[in-house]
Amino acid sequence: MAKLRVTQIRSIIDRPLDQKRTIKALGLRKINHSIEVEANPAIVGMLKKVSHLIAIEQI
């Protein structure tokens with residue numbers, strides 16, 4: 001599977017609780033914080049759910 005770099009680019013303030021929990025479950029803590037994850041179906045689904053809050057680039 002591919003590795004992805006995920007960066008939070010927008011705030012989770014005033015977002016629905018499920019989106020806040022998804023961002024936290026991904027391991028993102030604040031704006032401009034990046035993580036590297038292995039792309040699998042569960043992670044890809046989480047990324048699609050909060051795609052408007054994050055930036056994704058393939059490594």
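In this predicted model, Val6 is found in strand S1, which spans residues 3–8. Val6 counts as buried because its relative accessibility is 0%, below the 20% limit for that class. Leaving aside neighbours within four places in sequence, the contacts of Val6 are Leu28, His33, Ser34, Ile35, Val37, Leu47, Ile54 and Ala55. Val6 also lies 6.7 Å from Glu57, C-alpha to C-alpha, although the two residues are 51 residues apart in sequence.

Val6 belongs to the largest nonpolar core of the model, a set of 14 residues. Together with Ile23, Leu47 and Ile54, Val6 is among the residues with the most contacts inside this core. Two of these partners, Leu47 and Ile54, also appear in the list of residues that Val6 touches. Strands S1 and S2 and helices H1 and H2 are the elements that give two or more residues to the core. Of these, H2 covers residues 41–49, H1 covers residues 17–26 and S2 covers residues 34–38. In soluble globular proteins, nonpolar side chains tend to be buried together.

Strand S1 also holds Gln8. Gln8 is classed as buried because its relative accessible area is 4%, again under the 20% limit. With residues up to four places away in sequence set aside, Gln8 is in contact with Ile23, Leu28, Arg29, Lys30, Ile31, Asn32, His33, Leu53 and Ile54. This list includes Ile23 and Ile54, both named above for their contacts inside the core. The C-alpha atoms of Gln8 and Val50 are separated by 9.5 Å, with their positions 42 residues apart along the chain.

A second glutamine, Gln19, is found in helix H1. Gln19 counts as buried because its relative accessibility is 14%, which is under 20%. Beyond its neighbours within four places in sequence, Gln19 touches Val50, His52 and Leu53. Leu53 is also one of the contacts of Gln8.

Two packed helices are described by the angle between their axes and the distance between the axes. For H1 and H2 the angle is about 135°, and the axes are 10 Å apart. The pair is therefore oblique, since the angle is neither over 145 degrees nor within the range of 65 to 115 degrees. H1 passes H2 in a left-handed crossing. On the H1 side the contact is made by Asp18, Thr22, Ala25 and Leu26, and on the H2 side by Ile43, Met46, Leu47 and Lys49. These residues divide into five nonpolar, one polar and two charged. Leu47 thus takes part in the helix contact and is also among the residues with the most contacts inside the core.

Most residues other than glycine have a negative phi, and most peptide bonds are trans. Asp14 is not a glycine, yet has a positive phi of about 65°. Asp14 is placed in the loop between S1 and H1. Asp14 is exposed because its relative accessible area is 75%, over the 50% limit for exposed residues. The C-alpha atoms of Asp14 and Glu38 are 29 Å apart in space, and these residues are 24 residues apart in sequence.

Asn32 likewise has a positive phi, of about 70°, without being a glycine. The loop that holds Asn32 runs between H1 and S2. Asn32 counts as exposed because its relative accessibility is 60%, over 50%. Asn32 is nevertheless in contact with Gln8, which is buried.

Methods. Residues are numbered from 1 along each chain as its sequence is written. This is a predicted model: local features need pLDDT of at least 70, side-chain atom pairs count only at pLDDT 80 or more; totals for chains, interfaces and linings use all residues. Side-chain values use heavy atoms; hydrogens and water are left out. Helices (H or I, at least four residues) and strands (E, at least two) are DSSP runs, numbered from the N terminus. Buried means under 20% relative accessible area, exposed over 50%, partly exposed in between (1.4 Å probe, protein chains only). A nonpolar core is a set of buried Ala, Val, Leu, Ile, Met, Phe, Trp, Tyr and Cys residues joined through side-chain atoms within 4.5 Å. Contact means heavy atoms within 4.5 Å. Axes are lines fitted to C-alpha atoms, for helices over the stretch in contact, and angles run from 0 to 180 degrees between N-to-C directions. Angles under 35 degrees count as roughly parallel, over 145 as roughly antiparallel, 65 to 115 as roughly perpendicular and the rest as oblique. A crossing is left-handed if the near helix is turned anticlockwise from the far one by less than a right angle, and right-handed if clockwise. Ala, Val, Leu, Ile, Met, Phe, Trp, Tyr, Cys and Pro count as nonpolar, Asp, Glu, Lys and Arg as charged, and the others, Gly among them, as polar.
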